[in-house]
Amino acid sequence: MEDKRCCGRGVCIINAQGICWCGQRWDGEKMISSKPDDSKKIELEKKRLSKN
C-alpha cells in the first residue's frame with residue numbers, strides 16, 4: 001500500500017510521529033521541512049530506524 005504522505009520520490013519511511021528518515025515531517029496535509037529545533041530528535045529517530 002502506498003503511503004499518501006510520501007513526498008513523491010517513493011523512498012519515504014515515515015514513523016508514527018510523522019517524521020520521515022530524510023528529516024521532513026507530515027503536517028497533516030503535506031510533508032514539510034522540520035524546524036531547526038527538531039533536528040536532534042530527527043537524528044535520534046534516524047538512528048533508531050537504522051537499527052531495525
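A residue counts as buried when its relative accessible area is under 20%, as exposed when that area is over 50%, and as partly exposed in between. By this rule I42, with a relative accessibility of 7%, is a buried residue. The structure described here is a predicted model, and the account below moves from the chain as a whole to single residues and their surroundings.

## The chain as a whole

The protein chain contains 1 helix and 2 strands, and these elements follow one another along the sequence in the pattern β-β-α. Of its 52 residues, 23% count as buried. The accessible surface of the protein chain amounts to about 4,200 Å², and carbon and sulfur atoms contribute 51% of that area. Among the contacts in the protein chain between residues with a separation of 6 or more, those that join residues 24 or more positions apart make up 16%.

## Residues before the first strand

The segment before β1, a strand that spans residues 24–26, includes V11. N15 is also placed in the segment before β1, and so is I19.

N15 counts as buried because its relative accessibility is 9%, which is under the 20% limit. A polar atom of the N15 side chain lies 2.9 Å from the backbone nitrogen of I19. When neighbours within four places in sequence are left aside, N15 is in contact with R5, E45 and R48.

I19, at the other end of that 2.9 Å pair, is itself buried, with a relative accessible area of 7%. Not counting residues up to four places away in sequence, I19 touches I13, I14, Q24, R25, K41 and I42. Of these partners, I42 belongs to helix α1, which covers residues 39–51. The C-alpha atom of I19 is also 9.4 Å from that of K46, a residue 27 positions away along the chain.

## The helix and the second strand

I42, the buried residue with which this report began, lies in helix α1. Its C-alpha atom is separated by 6.0 Å from the C-alpha atom of G23, although I42 and G23 are 19 residues apart along the chain.

I32 is located in strand β2, which consists of residues 31–33. With a relative accessible area of 22%, I32 is partly exposed, because this value is not under the 20% limit for buried residues. Leaving aside neighbours within four places in sequence, I32 is in contact with Q24, R25 and D27. I32 and C7 are 25 residues apart in sequence, and their C-alpha atoms are 9.0 Å apart in space.

The C-alpha separations given above are collected in the following table.

| Residue pair | Separation along the chain | C-alpha to C-alpha distance |
|---|---|---|
| I19 and K46 | 27 residues | 9.4 Å |
| I32 and C7 | 25 residues | 9.0 Å |
| I42 and G23 | 19 residues | 6.0 Å |

## Cysteines, charges and a nonpolar patch

The structure holds 0 disulfides. The sulfur of C20 has its closest cysteine sulfur in C22, at 3.6 Å, and the two are therefore too far apart for a bond, since a disulfide requires sulfur atoms within 2.5 Å. C22 is likewise in no disulfide, the nearest cysteine sulfur being that of C20. The surroundings of these cysteines can be described by their accessibility: C20 is buried, with a relative accessible area of 2%, whereas C22 is partly exposed, with a relative accessible area of 30%.

The count of salt bridges comes to 1. D27 forms a salt bridge with K30, and the closest N and O atoms of the two residues are 3.4 Å apart. D27 is partly exposed, with a relative accessible area of 35%, and K30 is also partly exposed, at 46% relative accessibility. D27 is, in addition, one of the residues in contact with I32 of strand β2.

On the surface, V11, I13 and W21 make a nonpolar patch of about 280 Å². V11 counts as partly exposed, at 44% relative accessibility, and I13, another member of the patch, is one of the residues that the buried I19 touches.

Note on methods
Residues numbered from 1 in each chain as written. Predicted model: local features only at pLDDT ≥ 70, side-chain atom pairs only at ≥ 80, totals over all residues. Heavy atoms only, no water. Patch = residues over 30% accessible without salt bridge, like charges linked within 9 Å, V, L, I, M, F, W, Y side chains within 5 Å. Areas by Shrake-Rupley, 256 points an atom, 1.4 Å probe, with all protein chains shown as cover. Salt bridge = Lys/Arg side-chain N within 4 Å of Asp/Glu carboxyl O. Helix = DSSP H or I, 4+ residues; strand = E, 2+ residues; numbered from the N terminus. Buried < 20%, exposed > 50% of the residue type's maximum accessible area, 1.4 Å probe, protein only. Contact = heavy atoms within 4.5 Å. Polar contact = N/O pair within 3.5 Å; in protein donor to acceptor, adjacent residues only side chain to side chain.
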